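Biologist: Could you take a close look at the salt bridges in this model for me? I would like to know where they sit and what they link.

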Amino acid sequence: MSNANRKNSPSTSKSNKADTDFHRHQLIEEYAYSLASARGFRDGNEQEDWFAAEREIDAQLSR
């Protein structure tokens with residue numbers, strides 16, 4: 001398969017999406033951790049931290 005065909009092949013497309021999803025998840029995880037750290041790791045806000053991190057990272061990635 002030539003390089004031109006490989007770029008548009010379904011397996012490459014799936015691989016790129018998986019890489020992007022993995023990178024997004026890592027960014028969210030790191031940002032959620034920083035939010036938890038900033039509030040002193042008090043219990044009860046883990047989901048809130050995660051959702052806030054998702055919103056922030058998604059906003060940054062969409063720019």
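Modeller: Happy to! Let me set the scene first. The chain has three helices and zero strands, so to speak in shorthand, the order along the sequence is α-α-α. Please keep in mind that this is a predicted model. Of the 63 residues, 13% count as buried. The chain exposes about 5100 Å², and 51% of that area comes from carbon and sulfur atoms.

Now to the part you asked about. The structure holds four salt bridges, and I will walk you through three pairs, including those made by Arg24. As general background, side chains of opposite charge can pair when their charged atoms come close.

Let us begin with Arg24 and Glu54, whose side chains meet in a salt bridge at 3.9 Å, N to O. Arg24 belongs to helix H2 (residues 10-38) and Glu54 to helix H3 (residues 46-61), so this pair ties together parts that lie 30 residues apart in sequence. How covered are the two partners? Arg24 is partly exposed, with a relative accessible area of 27%. Glu54 is partly exposed as well, at 23%.

Arg24 has another partner, Asp58: their side chains meet in a salt bridge at 2.7 Å, N to O. Here again distant parts of the chain are linked, with Asp58 in helix H3 and Arg24 in helix H2, 34 residues apart. Asp58 counts as partly exposed, with 32% relative accessibility. Put these pairs together and you have a network of salt bridges that links Arg24, Glu54 and Asp58.

The next pair brings in a loop. The side chains of Arg39 and Asp49 form a salt bridge at 2.6 Å, N to O. Arg39 lies in the loop between H2 and H3, while Asp49 lies in helix H3, so the pair ties together parts that are 10 residues apart in sequence. Are these partners buried or exposed? Residues under 20% relative accessible area count as buried. Arg39 is therefore buried, with a value of 12%, and Asp49 is buried too, at 9%.

To gather the threads: helix H3 carries Glu54, Asp58 and Asp49. Glu54 and Asp58 are joined with Arg24 in the network, and Asp49 pairs with Arg39.

Key:
Residues are numbered from 1 along each chain as its sequence is written. This is a predicted model: local features need pLDDT of at least 70, side-chain atom pairs count only at pLDDT 80 or more; totals for chains, interfaces and linings use all residues. Side-chain values use heavy atoms; hydrogens and water are left out. Helices (H or I, at least four residues) and strands (E, at least two) are DSSP runs, numbered from the N terminus. Buried means under 20% relative accessible area, exposed over 50%, partly exposed in between (1.4 Å probe, protein chains only). Accessible areas come from the Shrake-Rupley method with a 1.4 Å probe; for residues, only the protein chains shown count as cover.
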